[in-house]
Amino acid sequence: MSTEAPATLAAWLRTRSDEQLSALLAARPDVARPAPSDVVALASRLAVPVSVDRALDELDAATLQVLDVVLLAPTDGMAPDELITALPQVPDEVLTEALDALTTRALLWGDDVLHAPDPVRRAVRHPAGLGRRAVDLRLQLPADLPAALAELTPEERQVLERLAGERPVGHLPDAPGNGTGSPARRLLQRGLLARIDALNVELPREIGLLLRGDLPYGPPRRRPEPAVGVRDPQVVDRQAAGAALESVGRIGELLALLEEEPAGLLRSGGVGVRDQKRLAKALKVSEPDAAWLLELAFAAGLLDVGGPHRDEWLPTRAYDIWREQDLADRWAVLAAGWLDGVRLPSLVGVRDVAGKSANPLSPDLVRHTAPSIRRSALGVLAELPAGAGLPAEELTALLRWRTPRRADRLAPVPAMLAEAARLGVLVSGALSTGGRGLLATGEDGAADGMRGLLPEPVDHVLAQPDLSLIAPGPLVAELADTLSVVADVESSGGATVFRVSEASVRRALDVGWSASDLHDFLAKASRTPVPQALDYLVDDVARQHGRLRVGSIESYVRSDDHGLLSQVLGDRRTAPAELRRLAPGVLVSGLGADEVLTVLREAGYAPAGENPGGAVLTRPPARPRAAGRRTGTEHAPTARPLTGDERAAVVREVRAGDAALAARRGEAVRQVPGVTTASTLELLSKAVREGIPVWLGYVDAQGSGSQRVVQPVSLVGGFLQGYDERRGENRTFAVHRITSVALVEEDGAPGSGMLPG
Amino acid sequence: MNDGPLIVQSDKTLLLEVDHPLARECRAAIAPFAELERSPEHVHTYRVTPLALWNARAAGHDAEQVVDALVRYSRYPVPHALLVDVADTMDRFGRLTLANNPVHGLVLTSTDRAVLEEVVRSKKVAPMLGARIDADTVVVHPSERGRLKQALLKVGWPAEDLAGYVDGQAHPIFLDQAGWQLRDYQQEAVEGFWAGGSGVVVLPCGAGKTLVGAAAMAEAKATTLILVTNTVSGRQWKRELIARTTLTEDEIGEYSGERKEIRPVTIATYQVITTRRKGEYRHLDLFDAQDWGLIVYDEVHLLPAPIFRLTADLQSRRRLGLTATLVREDGREDDVFSLIGPKRYDAPWKDIEAQGYIAPAECIEVRVALDDEERMTYAVAEPEERYRIAATAHSKLPVIRRVLERHPEEQKLVIGAYLDQLEELGTALDAPVIQGSTTNREREKLFDAFRAGEIKTLVVSKVANFSIDLPEAAVAVQVSGTFGSRQEEAQRLGRVLRPKADGRQAHFYTVVSRDTLDSEYAAHRQRFLAEQGYAYTIVDADDLAGPGEVNGPDWVDEPAD
């Protein structure tokens with residue numbers, strides 16, 4: 001390895017150790033997919049503006065300030081020592097850390113002299129919050145700048161000082177009517193500000209530096225050290241469990257309601273205000289709360305659009321599985337759904353610019369950045385010890401410092417934290433154990449963290465003389481189902497209070513229960529003796545039940561001419577229609593109207609079909625379900641972090657490619673253009689025969705090209721088998737994917753032929 | 001997981017499992033801030049309302065205690081949001097205080113400027129306020145003290161009234177505790193009231209509310225105005241005051257339709273005060289006739305709306321409300337809170353019953369099958385007539401007679417709502433009837449005879465629902481009622497709950513026609529009884545056993561003579 005300083009980024013990358021390259025890939029995983037073939041490819045990937053922006057976005061304010069210093073240096077290249085003098089107030093370890101972060105990410109490169117790659121320069125628009133140089137703004141500054149500034153009125157100076165702060169660009173206020181112009185306009189006239197478009201002006205760097213005096217890079221951007229409130233982790237967990245219990249209970253109730261009566265799908269998507277109101281009323285919660293529950297159920301994949309015409313919001317099939325799970329798992333599904341949901345439930349009811357307020361589940365609420373914001377906010381809290389928490393505003397300030405370039409995305413953070421608190425992920429700013437588990441290992445971790453804190457489902461109720469049935473805890477699904485038929489829910493929460501009423505008993509009888517079934521059920525379900533009043537109620541209602549009879553038929557035949565009907569009934573030819581008389585003037589059949597019509601027509605009658613207007617359709621026997629999505633497929637747009645092994649593999653790949661590149665250069669392979677596949681084969685078989693390593697240009701099945709040096713073993717059926725020493729693996733290469741080939745002479749002498757494929 | 005007796009519900013109701021070993025302790029902890037809503041056999045329901053929380057706050061409890069009680073006794077984790085909400089609500093009380101300023105008179109002061117700004121800007125509140133003295137203080141027109149408190153409660157910032165009371169004209173009143181003694185809970189109730197200045201004492205019927213009133217008067221030692229529901233009740237107050245205090249007959253005046261006496265202690269009926277002639281209240285002078293030191297409101301839950309308006313002007317007088325329940329069927333609990341005052345004391349029925357101060361009661365519903373003719377009449381009747389037809393069915397008569405025969409030696413009341421039915425019963429049972437048109441003299445005569453045991457059975461209309469004292473009524477038979485009113489049920493039950501000399505059980509029968517509206521209404525009323533913890537039994541009329549028979553009453557006295 002040469003002792004000279006590398007001249008380019010690629011050259012510098014080549015000098016980095018495997019660990020350092022691996023760290024680079026870990027910090028910028030986007031450049032590793034698909035694996036770059038060699039350092040040159042890697043360097044060009046690193047220069048992609050999107051990648052640079054993404055890398056910069058993840059840097060904290062202190063690190064960005066260090067970068068600013070390098071970017072503002074008059075010439076490219078700056079010794080690390082100079083940084084210390086440039087930022088005297090910044091502690092050395094912060095500087096070292098920042099430099100390390102920047103070089104690890106290849107946002108700065110060089111060991112003795114730091115260079116900033118051009119794409120990075122372009123990506124940082126206003127380094128240190130300073131404008132461009134006057135030359136670049138095509139501005140002629142006064143010769144004696146300090147004197148010119150001294151002449152300014154206080155208002156004008158105030159404008160300049162504001163622009164010398166965080167942002168050198170400002171809006172030009174609307175021209176006032178009196179003609180003298182605003183301070184900003186006067187400054188424009190004096191040539192102290194540059195106009196960059198119709199609305200905005202920019203402060204030239206020189207003036208900014210002058211105004212900043214001895215802190216040209218602005219005040220040191222230290223990490224905020226918010227006061228951390230510490231609470232007993234057990235108390236936090238218990239309260240979180242309270243919230244969890246509440247959320248799971250409410251979602252269950254909501255979906256049970258939607259099962260009974262689905263909410264309509266608006267044409268614009270989402271749930272209408274009327275349904276929202278209905279649900280809020282039935283759940284005894286406020287309308288915004290109902291919206292939140294709808295959003296949560298959707299995020300967890302328990303609610304989706306379905307129904308015969310795909311115009312209803314229905315519980316999904318996942319709901320059937322969910323309700324059978326234990327409480328901790330149910331909670332975990334909700335929490336995980338929320339964490340990775342791409343919607344912002346807090347925007348429900350917020351009016352857009354047109355004054356239209358957003359409906360729950362409206363497609364307008366999708367924000368793809370939401371999951372990463374949630375994770376970064378909660379991630380800050382996860383770094384604190386158990387029980388320690390931050391108030392929302394402190395957390396936001398910290399996030400702003402951590403990712404200043406994403407500060408504009410932080411607006412939903414307070415609402416997200418409030419949601420986390422409702423779910424039980426957070427309790428007054430501190431993560432619960434379940435919340436930690438959720439962040440660390442997703443659904444399973446969340447469930448594990450919450451398990452043991454949530455009550456076990458109970459399988460009994462307490463029947464009371466006032467006809468209430470009290471379930472002293474969450475009910476097992478089966479009993480809950482039955483009870484929802486036999487009784488009405490009066491209050492829910494930790495326990496459920498059911499009320500048996502005449503109407504509810506009648507409902508049970510309607511779905512086929514008998515009085516003795518009910519007595520048996522109550523006796524079995526109740527841990528207390530069934531009160532006499534309850535038995536009497538059941539008997540009273542049962543006695544009255546069934547005096548009116550209802551049956552179902554497929555079709556009817558009616559006529560005002562009773563004689564004609566008798567004739568039809570007596571006609572042997574109409575026997576296939578299976579008609580019977582229900583009442584004078586009405587015949588009914590178990591067959592469909594079409595069939596009856598056909599039979600009657602064939603028998604020579606002239607029947608007409610009748611519109612079923614007013615006929616009550618029975619619901620299909622199966623409970624309606626939306627198909628639903630598979631949870632976790634749609635969301636999570638954030639890149640999955642690379643594992644250590646994956647990174648090692650990529651580094652190996654790059655190194656191998658690099659070595660191949662070097663081999664190709666150093667060993668002067670002769671290139672023979674226009675050679676056919678036949679000669680490629682000839683060359684390869686020679687290599688196999690003589691055991692000479694070959695240099696291969698190869699395009700893999702994914703279409704990415706690479707160069708490698710292979711020790712060939714066999715050439716059979718269009719496939720070359722060989723050992724790739726640098727990658728340390730045996731590989732099979734399809735001959736038709738080989739783009740070029742050359743023999744590599746061990747002793748450095750030129751090989752035989754180079755054949756582009 | 002904690003194994004407490006309490007389950008906290010999302011709607012802020014609290015379920016208390018009574019059989020739990022910690023139940024008593026828990027009840028004591030939550031009683032200050034939660035209203036007992038239902039107390040059936042196994043699980044009692046309490047409700048945490050803003051008013052209840054403010055009552056607790058007024059009684060000196062803080063949010064921390066409330067939250068602690070909820071968390072400590074709760075079986076399941078309590079949602080943090082609920083606790084925060086409780087703390088926030090409690091925190092609203094006392095941000096504003098009404099106080100007397102030596103220079104400016106009555107002022108509204110605040111510890112929180114934002115709150116003061118909010119209420120000063122409120123359209124409803126602003127007209128009652130005068131000049132702003134400083135950032136935290138604003139003058140209140142003294143005449144608006146009551147209305148201001150009402151309005152502040154409506155905007156969610158209830159004010160604590162520390163402006164004090166006028167002493168009123170002193171008048172010596174002492175309890176005359178010869179041969180009797182104020183019970184512990186009565187003593188606590190008086191102390192609670194006196195310490196708070198004004199407010200409401202909640203005690204079950206028959207628990208001796210009159211004595212709490214008397215004791216409060218003895219504490220105030222000032223001229224007192226007592227507002228009662230009707231004349232009979234007023235006379236009873238008078239009798240009780242003469243017996244239990246040093247007051248003599250001459251010192252107590254009756255201000256009613258019949259007499260208009262104003263004495264150091266004056267008992268007035270709601271009716272006479274709210275009588276209007278030509279759209280004007282004629283008897284408002286009463287309130288200014290004396291420099292009253294104490295105003296007692298009997299049966300606060302029945303307080304008519306005009307009295308609220310008048311009470312708003314009396315905020316500088318001490319006010320004591322007495323009631324069996326804070327629940328008003330018109331939902332004006334908040335006016336009771338702001339105008340009479342916060343709850344100062346309450347005790348659940350069952351606890352007082354357990355202490356032996358009110359008689360235990362057995363509630364029995366007797367079901368009568370209508371005969372065919374009655375069933376047909378019922379079936380074809382107009383909807384508005386149906387209840388009357390079912391309730392007054394003749395088939396009930398033999399059953400009522402049989403019920404009365406079960407208790408030959410008891411003092412019995414037959415209570416109904418329909419006058420012709422009552423007349424008929426009176427004749428059939430050979431018992432005197434008391435109804436609206438019965439003169440007060442006649443009533444008192446009959447009541448005295450009943451008390452003395454000369455009359456065993458009385459048939460009474462709903463005039464007897466309130467505030468008459470029939471100490472030895474041990475059996476009540478309800479034959480018809482007012483559309484299932486819960487309040488009526490409670491009052492009627494109260495008739496038999498006064499402690500019996502020998503601690504016997506009281507019996508409360510309801511005779512209903514089966515499969516009619518009557519039984520539907522009965523079910524509604526009984527739910528109330530069950531919620532109050534009275535287990536009731538349903539018996540078919542045919543199964544109703546007489547004394548001494550199987551399933552008959554537990555004890556049978558030797559027949560008289």
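What share of the contacts in chain A with a separation of 6 or more comes from residues 24 or more positions apart? I looked this up first. The share is 67%. I note here that the model is predicted.

**Entry 1: chain A overall**

I counted the secondary structure of chain A. It has 29 helices and 22 strands. Then I checked burial. Of the 757 residues in chain A, 39% are buried.

**Entry 2: nonpolar cores of chain A**

I asked which residues of the largest nonpolar core touch the most other members. They are A297(A) and A335(A), in a core of 257 residues. Helix α13(A) gives this core its largest share, eleven residues.

I then listed the contacts of A297(A), leaving out residues up to four places away in sequence. A297(A) touches I251(A), L254(A) and L255(A). It also touches L302(A) and L303(A).

I found a second core, separate from this one, with 48 residues. Among its members are A35(A), V69(A), L107(A) and Y217(A).

**Entry 3: where chain A meets chain B**

How many residues does each chain bring to the contact? Chain A brings 32 residues and chain B brings 28. I went through the elements on the chain A side. Helices α13 (233-260), α20 (413-423) and α25 (532-544) of chain A each supply at least two residues, as does strand β12 (468-471) of chain A. The largest share, seven residues, comes from α13(A). So α13(A) turned up twice in my notes: it also gives the largest share of the largest nonpolar core.

I sorted the chain A side by residue type. It has 15 nonpolar, twelve polar and five charged residues.

**Entry 4: a three-stranded sheet in chain A**

I traced an open sheet in chain A. Its strand order is β15-β17-β16, and the pairing is antiparallel. Why is one side of β15 and one side of β16 left without a neighbour in the sheet? Strands β15 (555-558) and β16 (579-583) of chain A stand at the edges with a single partner strand each, so one side of each has no neighbour there. From one strand to the next, the twist averages 35°.

I looked at one pair in detail. β16(A) and β17 (residues 586-589) of chain A are joined antiparallel by four bridges. In this pair L579(A) is opposite S589(A).

**Entry 5: a five-stranded sheet in chain B**

I moved to chain B. Five strands make an open sheet in the order β7-β8-β6-β5-β9, with mixed pairing. Strands β7 (129-134) and β9 (159-161) of chain B are the edges, and each pairs on one side only. The twist from one strand to the next averages 35°.

I checked the pair at the β9(B) edge. β5 (residues 96-101) of chain B runs parallel to β9(B), with three bridges. T97(B) stands opposite E160(B).

Which strands does helix α5 of chain B touch? Helix α5 (residues 113-121) of chain B packs on the sheet and touches β5, β6 (105-110), β7 and β8 (137-140) of chain B. Its direction makes about 120° with that of β6(B). Helix α6 (residues 145-154) of chain B lies across β5, β6, β8 and β9 of chain B. Helix α6 of chain B runs at about 150° to β9(B).

**Entry 6: strand β19 of chain B**

I asked why β19(B) counts as largely enclosed. Six of the eight residues of β19 (residues 361-368) of chain B are buried, so the rest of the structure largely encloses this strand.

I listed two of its pairings. With β24 (residues 506-513) of chain B, β19(B) pairs in the parallel sense over eight bridges. R367(B) is opposite V512(B) there. With β25 (residues 536-540) of chain B, β19(B) also runs parallel, joined by five bridges. I364(B) has T537(B) as its bridge partner in β25(B).

**Entry 7: positive phi in chain B**

I looked for unusual backbone angles. Most residues other than glycine have a negative phi. K12(B) has a positive phi near 65°. K12(B) sits in the loop between β1 (6-8) and β2 (13-17) of chain B. Is K12(B) buried or exposed? K12(B) counts as buried because 21 C-beta neighbours lie inside 10 Å.

K221(B) also has a positive phi, near 45°. Its place is the loop between α8 (209-220) and β11 (224-228) of chain B. K221(B) has 16 other C-beta atoms within 10 Å, so I logged it as partly exposed.

Methods. Residues are numbered from 1 along each chain as its sequence is written. Chains are lettered from A and ligands numbered from 1 in the order in which they are written. This is a predicted model: local features need pLDDT of at least 70, side-chain atom pairs count only at pLDDT 80 or more; totals for chains, interfaces and linings use all residues. Two strands pair if DSSP finds at least two bridges between them. Axes are lines fitted to C-alpha atoms, for helices over the stretch in contact, and angles run from 0 to 180 degrees between N-to-C directions. A residue is buried if 20 or more other C-beta atoms lie within 10 Å of its own, exposed if 12 or fewer, and partly exposed in between; C-beta atoms are placed from the backbone. Two residues are in contact if their C-beta atoms, placed from the backbone, lie within 7 Å. Ala, Val, Leu, Ile, Met, Phe, Trp, Tyr, Cys and Pro count as nonpolar, Asp, Glu, Lys and Arg as charged, and the others, Gly among them, as polar. A nonpolar core is a set of buried Ala, Val, Leu, Ile, Met, Phe, Trp, Tyr and Cys residues joined through C-beta atoms within 7 Å.
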